[in-house]
Amino acid sequence: MLYIIGLGLGDERDITMRGLEAVKSCEKVYMEAYTSLLSFGLDSHGLSNLEKLYGKSITLADREMVEEKAHHILEEARHSHVAFLVVGDPFGATTHTDLVVRAKKMGIHVQIVHNASVLNAIGICGLQLYRYGQTVSIPFFTDSWRPDSFYEKIHSNRTMGLHTLCLLDIRVKEPTLESLARGRKTYEPPRYMTINTAIEQLLEVVQEHQQPAYTEDTQCVGFARLGSDNQTIVAGTMRQLQMVDFGAPLHCLVITGNTHPLEEEMLEFYRCRT
């Protein structure tokens, strides 16, 4: 049996009762450690809190393990109960869907335990969830790689008056280009994109289009550490949000579409006053 269990967004206490019961029934517990992170991060203190509450030793599963060595996890699930813990909800990343597909093809029974994710927690700012369009991901730009495929989705959303959730890049255990060339992997330090960097890149991309989907005066909402006790939510223009220190990761950004009066009333509670 393979359990894929959502942990929610805050800390170790956000697991559901059903999820906790499933973890306690498992012989082996993995925690996905590259598409997101809980508010306390992945340091030894935070991980010990998980292990203390759940009563299980936890193995961190980085991108390399999940994407290249998933068969080891699945072979264990063929013969025993294995838990795969995911920050947020299990289907917040395509990697986890791939794991389910591979397990089912191997005849392994899969049980999903859902939890809160960024896709519904953003409702706290007052923008109605049914008025969102396509979600986009903003990757870190490099000197030679500046992808802008997200732009057309934002443009399409705003043409229809819909809000856009922008998920910001997380770079954890990424091999350096130099090490790949040498055939011996060394890794870059972890990096988490800030709202400030995301807006800088968004404004760079829009300059290349004759009919801009947004400007520095476009209203947005910035979120940091969503779901945690010290979450930060600020509404304002792109220009205003660029000047805000949102603090520690994770960050995400919403570019607003057409807003209803009730949505505007809620946004006023989070309005940037600078």
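**Group meeting: cysteines, a sheet and its core**

Okay, so the disulfide count here is zero, taking a disulfide as two cysteine sulfurs within 2.5 Å. Take Cys125: it's in no disulfide, and the nearest cysteine sulfur, the one in Cys252, sits 9.2 Å away. Cys252 doesn't bond either, because its closest cysteine sulfur, in Cys166, is 8.9 Å off, which is too far. And are these two buried or exposed? Cys125 has 0% relative accessibility, so it counts as buried. Cys252 is at 5%, so that one counts as buried too. Keep in mind that this is a predicted model.

Right, on to the sheet. We've got five strands in an open sheet, ordered 6-7-12-10-11, and the pairing is mixed. At the edges you'll find strand 6 and strand 11, residues 232-237, each pairing on one side only. From one strand to the next, the twist averages 25°.

Let's zoom in on one edge. Strand 6 and strand 7 run parallel, with three bridges joining them. If you want a residue to click on, go for Ile138: its bridge partner in strand 7 is Leu168.

Now, what packs on this sheet? Helix 9 does, touching strand 6, strand 7, strand 10 and strand 12, and its direction makes about 45° with that of strand 12. Then there's helix 7, which lies across strand 6, strand 7 and strand 12 and runs at about 135° to strand 6.

Helix 9 deserves another minute. It covers residues 195-206, so 12 residues by the helix assignment, and it reaches 16 Å from first C-alpha to last, close to the 16 Å expected. Its buried residues include Ile195, Ala198, Leu202 and Val205. Besides the sheet strands, the buried residues of helix 9 pack against helix 7 (150-159) and helix 10 (238-242).

That brings me to the core. As a general point, nonpolar side chains in soluble globular proteins tend to be buried together. Here the largest nonpolar core has 29 residues, and among those touching the most other members are Ile138, Phe150, Leu202 and Leu253. Several elements supply at least two residues each, including strand 6, helix 7 and strand 12. Which element gives the most? That's helix 9, with seven residues.

Phe150 is a nice one to look at: leaving out residues up to four places away in sequence, it touches Val136, Ser137, Ile138, Pro139, Phe141, Leu202 and Val205. And finally, there's a second, separate core of 19 residues, with Val23, Met31, Ala83 and Leu85 among them.

Note on methods
Residues numbered from 1 in each chain as written. Predicted model: local features only at pLDDT ≥ 70, side-chain atom pairs only at ≥ 80, totals over all residues. Heavy atoms only, no water. Buried < 20%, exposed > 50% of the residue type's maximum accessible area, 1.4 Å probe, protein only. Helix = DSSP H or I, 4+ residues; strand = E, 2+ residues; numbered from the N terminus. Expected span 1.5 Å × (residues − 1). Contact = heavy atoms within 4.5 Å. Pairing = 2+ DSSP bridges. Axes fitted to C-alpha atoms, helices over the stretch in contact; angles between N-to-C directions. Core = buried A, V, L, I, M, F, W, Y, C linked by side-chain atoms within 4.5 Å.
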